[in-house]
Amino acid sequence: MGAKAENGVKPPPLAPSSFPFPFLRTLKLKTKQQELLIRVSALALIYVLAFAVRLFSVLRYESMIHEFDPYFNYRTTLFLTKNGFYEFWNWFDAESWYPLGRIIGGTLFPGLMVTAALIYRALRFLTFAIHIREVCVLTAPFFASNTTLVAYFFGKEIWDAGAGLAAAALIAICPGYISRSVAGSYDNEGVAIFALLLTFYFFVKAVNTGSLAWGLASAFGYFYMVSAWGGYVFIINLVPLYVLVLLITGRYSMRLYVAYNCMYILGMLLAMQIRFVGFQHVQSGEHMAAMGVFFLMQVFYFVDWVKYILHDPKLFHSFLRITLTCSISVGALALGIGMATGYISPWTGRFYSLLDPTYAKDHIPIIASVSEHQPTAWSSFMFDFHILLFLFPAGLYFCFKRLSDATIFIVMYGLTSMYFAGVMVRLILVATPAVCLISAVAVSATIKNLTRLIRTKSKASQTGSSKGTSSLKASAKASLDQALPFQRNAAIALLAGAFYLLSRYAIHCTWVTSEAYSSPSIVLAARGAHGGRVIFDDYREAYFWLRQNTSPDAKVMSWWDYGYQITAMGNRTVIVDNNTWNNTHIATVGRAMSSYEDEAYEIMQSLDVDYVLVVFGGVTGYSSDDINKFLWMVRIGGGVFPVIKEPDYLVNGEYRVDKGAAPKMLNCLMYKLCYYRFGELTTEYGKPTGYDRARGVEIGNKNVKLEYLEEAFTTSNWIVRIYKVKPPKNRW
Amino acid sequence: MAKSTSSDAQMLIRSLRTAYAATPTNLKIIDLYVVYAIVTAVIQVVYMGIVGSFPFNSFLSGVLSCVGTTVLAVCLRIQVNKENKEFKDLPPERAFADFVLCNLVLHLVIMNFLG
């Protein structure tokens with residue numbers, strides 16, 4: 001009567017004829033084992049997929065490090081593998097920020113470098129003689145694969161194994177994550193997102209089980225995150241917020257106490273071992289929320305315990321009154337004194353601009369000038385998330401239907417990270433794991449419901465037809481059948497629609513990765529006249545020229561964007577680089593670039609500059625060159641030296657380089673260096689000489705004469721131009 | 001008003017004493033350890049107030065080791081206490097092993113941080 005459960009070999013859940021793996025039945029596996037096999041093989045495929053989809057640029061160009069920041073990471077990793085950890089940890093670098101130097105050991109996040117060095121050592125131990133550069137290039141895809149595994153376990157913790165698989169699949173190809181973890185993008189975020197998800201997973205596991213061991217694991221995960229990226233501030237603020245929400249809504253339990261305290265104390269201690277972080281956990285305003293919640297928890301649970309052992313509510317009330325007044329007054333006093341005396345430093349500009357997005361533009365132009373720090377447009381959200389954008393609210397609905405400690409956590413993570421993703425484009429990366437997890441809940445729950453509809457229909461019809469005697473249940477089901485005759489078909493149609501959407505998601509992600517996120521930025525490519533690919537390798541050409549044709553102690557002045565690349569590839573001392581820790585030094589360089597040649601010469605003499613490097617896109621149409629960045633140089637320079645005024649370089653508020661440009665603009669150092677000898681060049685058929693293809697105009701001052709500098713090298717497509725600073729003239 | 005609060009306080013203290021006397025001995029030992037750690041922390045803070053906080057990492061490591069063992073001992077107490085229904089299935093040996101492990105990590109980090 002109906003399908004009785006059998007203890008032996010069960011028939012597969014679908015009809016036998018449609019079972020796609022008949023060989024599994026020959027292996028005589030039970031259903032549970034079949035399910036395990038399917039899960040493991042799916043996870044293995046997802047692991048390989050996450051690695052493979054990030055390899056576009058290695059296949060198209062070569063295995064090299066992309067962009068700007070990764071070159072610094074590469075240089076430090078090289079130093080670490082050559083000289084060992086002690087030298088690395090105490091390294092003072094005299095080759096950047098001349099003449100100030102930089103304490104590298106104390107001002108970087110060592111997690112990424114140490115990880116790559118460990119992988120390198122392990123491979124060497126297994127006698128794979130790989131160059132450290134290959135390890136660096138492939139570190140990010142490797143950790144992306146590991147992130148999919150963590151996402152699977154996290155999804156299993158929040159919802160069930162199906163959601164875990166869906167989460168792993170979604171995060172393997174999500175463009176928001178791929179953008180910062182392609183092969184070659186050797187940057188902190190590649191490792192940090194793995195550490196972030198790992199910490200959150202261990203913490204949720206600790207809250208669910210109340211075990212000190214999991215709390216310890218989450219503390220170690222937090223330590224790894226602190227060693228890897230400055231974004232750890234997100235963890236140390238989200239977790240206390242979560243605890244606070246649980247306390248307020250009354251969902252607290254002893255497990256929460258154990259988990260949070262273990263993680264906070266051990267995590268804080270471990271985090272303070274990183275020199276760059278130092279004592280910030282007890283002194284900085286950004287970390288005070290965690291400490292406040294820690295003390296609040298102690299008071300809260302102490303009061304709870306007293307309430308438990310005292311069986312008299314009246315006495316308890318008086319006790320409560322005394323304790324509350326004492327603790328609130330002490331807490332407020334401590335906080336007030338701390339902030340007033342300045343012992344607890346207020347939120348730094350970088351994080352304050354997340355709460356008040358207009359802050360950076362008015363006060364800190366360097367932060368405002370970075371393109372990744374701009375607010376996010378809707379197109380970026382759609383580009384990076386695709387269908388996850390509407391699956392996210394659906395997932396939130398499912399999470400709210402089944403509220404537990406874990407789902408509350410993921411909901412909070414999702415909402416806070418989406419807010420920050422809206423403020424700054426770069427933070428879409430932090431929101432991606434949350435969005436993938438919540439969308440996976442939606443996907444898994446929807447598909448489960450739909451397939452259950454399909455399966456019960458067929459079972460009921462089977463039992464109704466095979467067993468002739470109708471019990472009340474079967475007849476009720478049969479009548480239900482007739483009441484909604486198209487339910488099964490509707491379910492099948494919806495399922496097909498869901499699969500179609502997921503397949504479009506996969507196609508979109510692959511396309512986005514291939515087109516938008518796989519360019520190495522240091523090598524540019526374009527389509528030639530006959531459709532063939534033209535490669536512009538000017539950057540590396542220039543840096544290697546520097547390396548081979550200048551004296552080893554030459555100092556190079558350029559805008560800070562190129563500093564890391566010059567030290568890593570050109571192996572020469574630079575004046576300013578991407579670390580941007582000293583605003584005045586950068587402003588000095590900015591002032592030099594925007595002054596007339598004689599004033600700039602004095603500044604360059606004071607800084608011992610031997611070579612000046614500029615990037616110019618007028619011949620190729622490359623639009624990220626120094627002329628387009630020039631206004632930021634003026635703003636940053638003018639922020640420190642009021643002699644540089646931005647309106648001097650504009651005409652009616654407009655930035656021009658043609659005949660109608662401002663005279664200061666036509667004669668400043670940057671203009672002269674970029675357009676030296678450009679007036680004689682024909683760049684486009686049918687246009688006059690000196691036609692700037694990036695700005696689309698004919699330049700104003702074609703007859704550029706240099707008095708204190710001479711041209712040393714111009715790359716084959718005029719993208720990078722290097723000038724030598726002439727020594728002062730003889731007196732007689 | 002003052003009289004009623006003071007008599008209130010006295011009643012409070014008396015009932016707290018009687019209620020606390022009912023706790024089992026092993027929990028009382030843990031509580032004693034917690035009190036000892038807190039007193040050590042207070043002594044260190046007072047000493048810092050007198051002498052100044054110059055090697056700040058040493059001060060922090062000293063205070064945080066006390067706070068850390070306090071917190072871990074309280075967690076152990078929670079897990080071992082038979083009246084907590086959430087930890088009914090947790091064998092006390094496992095709780096103690098976790099406690100020892102966490103303390104080991106705590107003190108290793110403290111030793112590194114002491115400078």
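**Exercise 1. Which residues does B:Arg77 touch, not counting residues up to four places away in sequence?**

Solution, step by step. Keep in mind throughout that this is a predicted model.

- Start with the place: B:Arg77 is found in helix H3 of chain B, which covers residues 56-80.
- Now collect the neighbours. Within chain B, the residue touches B:Tyr20, B:Thr23, B:Leu27, B:Ile30 and B:Asp31. From chain A, A:Trp305 is touched by B:Arg77 as well.
- Look at B:Asp31 in more detail: its side chain is in polar contact with the side chain of B:Arg77, at 2.6 Å.
- Finish with accessibility. B:Arg77 has a relative accessible area of 9%, so it counts as buried.

**Exercise 2. Describe the interface of chain A and chain B.**

Solution, step by step.

- Count the residues: 35 residues of chain A are in contact with 35 residues of chain B.
- Turn to area. The two chains bury about 3,100 Å² between them, and 79% of this is on carbon and sulfur atoms.
- Find the main contributors in chain A: A:Leu212, A:Leu269 and A:Leu315 lose the most area to chain B, together 19% of what that side buries.
- Check the charged and polar pairs. The rule finds zero salt bridges across this interface, but five residue pairs in polar contact, both at pLDDT 80 or more.
- Ask which helices take part. On the side of chain A that touches chain B, at least two residues each come from H10 (212-228), H12 (254-271), H13 (280-283), H14 (288-309) and H15 (313-340) of chain A. H12(A) gives the most, with 11 residues.
- Sort the residues of this side by type: 26 are nonpolar, eight are polar and one is charged.

**Exercise 3. How many disulfides does a search of the whole structure find? Then look at two cysteines.**

Solution, step by step.

- The search finds zero disulfides over all chains.
- Take A:Cys436. The nearest cysteine sulfur belongs to A:Cys174 and is 3.9 Å away, and A:Cys436 is in no disulfide. A disulfide needs two cysteine sulfur atoms within 2.5 Å. With 1% relative accessibility, A:Cys436 counts as buried.
- Take B:Cys75 next. The closest cysteine sulfur lies in A:Cys262, at 6.6 Å, which is too far for a bond. B:Cys75 is buried too, at 0% relative accessibility.

**Exercise 4. Follow the salt bridges of chain A, beginning with A:Glu35 and A:Arg39.**

Solution, step by step.

- For the wider picture, a search of the whole structure finds 24 salt bridges over all chains.
- A:Glu35 and A:Arg39 form one of them, with their closest N and O atoms 3.8 Å apart. The two residues are four apart in helix H2 (residues 31-52) of chain A, which means that about one helical turn separates them. A:Glu35 is partly exposed, at 41% relative accessibility.
- A:Glu62 and A:Arg540 make another salt bridge, 3.0 Å from N to O. This pair links distant parts of the chain, 478 residues apart: A:Glu62 sits in the loop between helix H3 (56-60) and H4 of chain A, while A:Arg540 is in helix H25 of chain A.
- Compare the two ends: A:Glu62 counts as partly exposed at 37% relative accessibility, whereas A:Arg540 counts as buried at 16%.
- Some residues join in a network of salt bridges: A:Arg180, A:Asp187, A:Glu189 and A:Arg426 are linked in this way.

**Exercise 5. Is helix H26 of chain A mostly covered or mostly uncovered?**

Solution, step by step.

- The helix spans residues 563-570, and it is mostly covered, with seven of its eight residues buried.
- Name the buried ones: A:Gly563, A:Tyr564, A:Gln565, A:Ile566, A:Thr567, A:Met569 and A:Gly570.
- See what covers them. The cover includes helices H4 (69-89) and H25 (538-549) of chain A, along with strands E2 (102-103), E5 (555-557), E6 (573-574) and E7 (611-615) of chain A.
- Step past the end of the helix: A:Asn571 follows H26(A), and its phi is positive, near 60°.

Terms used: Residues numbered from 1 in each chain as written. Chains lettered and ligands numbered in written order. Predicted model: local features only at pLDDT ≥ 70, side-chain atom pairs only at ≥ 80, totals over all residues. Heavy atoms only, no water. Contact = heavy atoms within 4.5 Å. Buried area = accessible area lost by both parts, 1.4 Å probe. Salt bridge = Lys/Arg side-chain N within 4 Å of Asp/Glu carboxyl O. Polar contact = N/O pair within 3.5 Å; in protein donor to acceptor, adjacent residues only side chain to side chain. Nonpolar A, V, L, I, M, F, W, Y, C, P; charged D, E, K, R; others polar. Buried < 20%, exposed > 50% of the residue type's maximum accessible area, 1.4 Å probe, protein only.
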